[in-house]
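Here are a few exercises on helix packing and empty space, each with a worked solution. Have a go at each task before reading on.

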Amino acid sequence: MENQKNAKRGPLSFLDLPESTLDFILMRLSPIELYTLSQVCTYLRDKCQSDHYWENHIKHKWGRVIGDAAYKEWELHVTAAKEGNFLHQPTNQNGSLGSFVGSWPNLYLGSYLDDCNVLNGQRSNRFMMALYFSLECGRFWFPAQVYKGLMIHHALVSYDSQSTTFQARYQSGGWRLLGKNIEWDMVRIPAVHSPPFVMHVSDCLDSLKPEDHIEVQWRGNTQCPYDWWYAVIGHLDSCNGNENYCQCHCSDTLIVEFRQYAEASNMRRVRLSRKNLGEQGVQLGGYYGGIRKLHNEDEIQTWKNLFSRQVQITSNNLNEF
């Protein structure tokens, strides 16, 4: 009897599945599978292109390198597309679109979309799906921070799907190529919300003590954006590192040690004022800005790995002579 009812009803369609079952299946499809299924019919197009599924894919693949700043920049482009304001944005002849922030000379590019046509029509309503494919195809240059040598640069980063690496550009007297074939672990979400030309407001100065790991802003002159350097808080000369009598945490002077330099180097130790909340210039050149205390062991280990890599490169170069 039951078989007769099923025969009259016909074969079960994919669309006849309960909503929860359909959702379970769609959540487990790859991006290409999800996009392909969206071409079947209007119902599956609306279903498969919804932000609910694509947000999951973005977090899975891109969650380590894009943060709030990248999402906000993408939202600016999407809003401009929906409102038809591309003509009022700084585009060039190729139809690219950039988001500029600040005023001269502290003007910097917040993000860059190689081809704003990717947001024409319905695609501007598919926020997460459009973002995913713009990232995957390398069209969207998003704001991030890149480890380079022994410092971190603010940069615009684009993905190369062929090499599964990144290329990056940074602002230094114009937009320059920072590097190609940059590995995933050399790119990170901006650790603070301060723009490249703005000094970070430190919230840890009073509590810093010897052996605390920090990142400190530095720039060569006041027309340059800040980079971030890794350092460790050191002891005052009067302390001699004697833990039983150490009062360094009570001093108004902070000893910032760049242990990537040799002991004899005049770049090894810098004296900064704990009470000075503004930018501080030093005798050897350059200006120091805000300080960020590192609590995350993964961040500290990344810096240590960079030191090991830099020492190995230096040793190899010396062996060539």
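**Exercise 1: two helix pairs**

Helix α5 (residues 51-62) and α7 pack with their axes 7 Å apart, at an angle of about 35°. (Axes are lines fitted to C-alpha atoms over the stretch in contact, and angles run from 0 to 180 degrees between N-to-C directions; helices are DSSP runs of H or I with at least four residues, strands are E runs of at least two, both numbered from the N terminus.) A quick note before you start: this is a predicted model, where local features need pLDDT of at least 70, side-chain atom pairs count only at pLDDT 80 or more, and totals for chains, interfaces and linings use all residues. Residues are numbered from 1 along each chain as its sequence is written, and side-chain values use heavy atoms, with hydrogens and water left out.

Task: work out which residues of α5 meet α7, then describe how α6 passes α7.

Solution.
1. On the α5 side, the contact (heavy atoms within 4.5 Å) is made by Asp 51, Trp 54, Glu 55, His 57, Ile 58, Lys 61 and Trp 62.
2. Sorted by class, the residues of this contact are 10 nonpolar, 1 polar and 4 charged. (Ala, Val, Leu, Ile, Met, Phe, Trp, Tyr, Cys and Pro count as nonpolar, Asp, Glu, Lys and Arg as charged, and the others, Gly among them, as polar.)
3. Now for α6: its axis and that of α7 (residues 127-136) come within 11 Å and cross at roughly 110°. So α6 is roughly perpendicular to α7 (the range is 65 to 115 degrees).
4. The crossing of α6 with α7 is right-handed, meaning the near helix is turned clockwise from the far one by less than a right angle.
5. From α6, Tyr 71, Trp 74, Glu 75 and Val 78 take part, meeting α7 residues including Phe 127 and Leu 131.

**Exercise 2: the empty space**

Task: find how much space lies in the largest pocket and what lines it.

Solution.
1. The largest pocket holds about 520 Å³ of space. (On a 1 Å grid over the protein atoms alone, a pocket is an open set with protein on both sides within 12 Å along at least five of seven lines, and lining residues have an atom within 4 Å of a point; points are joined across faces, edges and corners, and a volume is the space filled by probe spheres set on them.)
2. It has 29 lining residues, and the closest to its centre are Ala 69, Tyr 108, Pro 143, Pro 190 and Pro 196.
3. By class, the lining of the largest pocket has 17 nonpolar, 8 polar and 4 charged residues.

Methods
1 Å grid on protein atoms, 1.4 Å probe; cavity = no way out; pocket = protein on both sides within 12 Å on 5 of 7 lines; lining within 4 Å. Parallel < 35°, antiparallel > 145°, perpendicular 65-115°, else oblique.
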